[in-house]
Amino acid sequence: MQLNERICAVQERIARAARRVGRDPGEITLCAATKTQSDETIRGAIAAGLQVCGENRVQELCAHLEADAYAGAGQVHFIGHLQTNKVNKVVGRVELIHSVDSLHLLQAVEKQAEKLGIVQDILLQVNIGGEESKGGVEPEALEELVNAACATEHVRLRGLMAIPPIAHEPGANTHYFVKMHQLFVDMRDKMPHNKCDMDCLSMGMSGDFEDAIAHGATLVRVGTALFGPRPAPV
Ligand SMILES: *Cc1c(COP(=O)(O)O)cnc(C)c1O
């Protein structure tokens with residue numbers, strides 16, 4: 001299949017998954033996980049209608065920005081692990097940072113956004129699978145971080161993000177998606193209304209995005225299903 005056919009196929013699967021549970025497909029954003037993809041591939045994907053690109057690595061983000069590879073895309077997001085010492089390369093250059101997971105990182109983002117005189121949209125990443133190797137705040141510590149985010153002036157908390165364990169069979173991650181949706185609803189309810197605008201629940205990848213949509217995802221991050229197996233990193 002050509003890239004544009006794969007994009008259409010994924011968009012169609014998203015729409016079907018949404019309708020199956022009575023949701024409007026327009027509520028769900030497709031974020032293309034573009035890690036390891038070339039400038040050409042990204043340009044081709046945008047020409048074929050992709051509107052949101054999600055980058056994992058600061059280095060790749062910078063290289064693609066430099067090459068103007070995202071021209072025409074509605075938005076660029078940062079979806080990978082972010083080190084505090086690299087926030088100045090990301091803040092103000094992407095519409096949404098999905099991976100804020102500590103007070104330290106939150107404060108670094110706030111500081112850089114203040115310096116630039118902007119408001120940076122972020123999600124808080126939750127370690128929903130309790131995996132040691134994965135980033136994300138523990139669910140028990142989430143509320144404190146939500147409160148801290150709501151108290152900042154240059155960061156706007158838009159929602160939550162999770163990367164559950166790799167799903168080896170359909171439905172394997174359903175309980176994580178259910179838990180994330182519950183956390184999302186709880187946090188939204190507890191929030192001081194005037195400060196935050198929680199409308200984004202980022203979960204679901206190539207292996208499980210339909211399941212994530214069935215359980216409330218508003219944004220899915222899809223790589224392999226759009227671009228095919230990733231080339232080995234160089
Ligand atoms: C790579 C990646 C994805 C997409 O993974 P696929 O399984 O290729 O769809 C989504 N989210 C994050 C954070 C990623 O790093």
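How many nonpolar, polar and charged residues does the shell around the ligand have? Sorted by class, that shell holds 5 nonpolar, 4 polar and 3 charged residues. Please keep in mind that this is a predicted model. Here is a quick tour of the ligand site, starting with the neighbours and ending with the pocket.

**Who surrounds the ligand**
- From the earlier part of the numbering, the residues around the ligand include A33, K35, N56 and I79.
- Further along, I163, M205 and S206 are also among the residues around the ligand.
- The run R221, V222, G223 and T224 belongs to this shell too, as does R230.

**Polar contacts and cover**
- N56 places a polar side-chain atom 2.8 Å from an oxygen atom of the ligand.
- For R230, an N or O atom in the side chain is 2.7 Å from an oxygen atom of the ligand.
- R221 addresses a nitrogen atom of the ligand, with a polar side-chain atom 2.8 Å away.
- On its own the ligand has 380 Å² of accessible area, and the protein covers 90% of this.

**The pocket**
- The ligand takes up the space of the largest pocket, which holds about 440 Å³.
- Lining this pocket are 22 residues, and those nearest its centre are K35, N56, I163, M205 and R221.
- N56 and R221 therefore appear twice in this briefing: each has a polar side-chain atom 2.8 Å from a ligand atom, within the 3.5 Å cut-off for a polar contact, and each lies among the lining residues nearest the pocket centre.
- By class, the lining of the largest pocket divides into 8 nonpolar, 10 polar and 4 charged residues.

How values were computed: Residues are numbered from 1 along each chain as its sequence is written. This is a predicted model: local features need pLDDT of at least 70, side-chain atom pairs count only at pLDDT 80 or more; totals for chains, interfaces and linings use all residues. Side-chain values use heavy atoms; hydrogens and water are left out. A residue is near a molecule or strand if one of its heavy atoms lies within 4 Å of it. A polar contact is a pair of N or O atoms within 3.5 Å; within protein, one must be able to donate a hydrogen and the other to accept it, and residues adjacent in sequence count only if both atoms are side-chain atoms. Accessible areas come from the Shrake-Rupley method with a 1.4 Å probe; for residues, only the protein chains shown count as cover. On a 1 Å grid over the protein atoms alone, a cavity is a set of points where a 1.4 Å probe fits but cannot get out, and a pocket is an open set with protein on both sides within 12 Å along at least five of seven lines; lining residues have an atom within 4 Å of a point. A molecule sits in a cavity or pocket if more than half of its atoms lie within 2 Å of its grid points. Ala, Val, Leu, Ile, Met, Phe, Trp, Tyr, Cys and Pro count as nonpolar, Asp, Glu, Lys and Arg as charged, and the others, Gly among them, as polar. Grid points are joined across faces, edges and corners, and a volume is the space filled by probe spheres set on the points.
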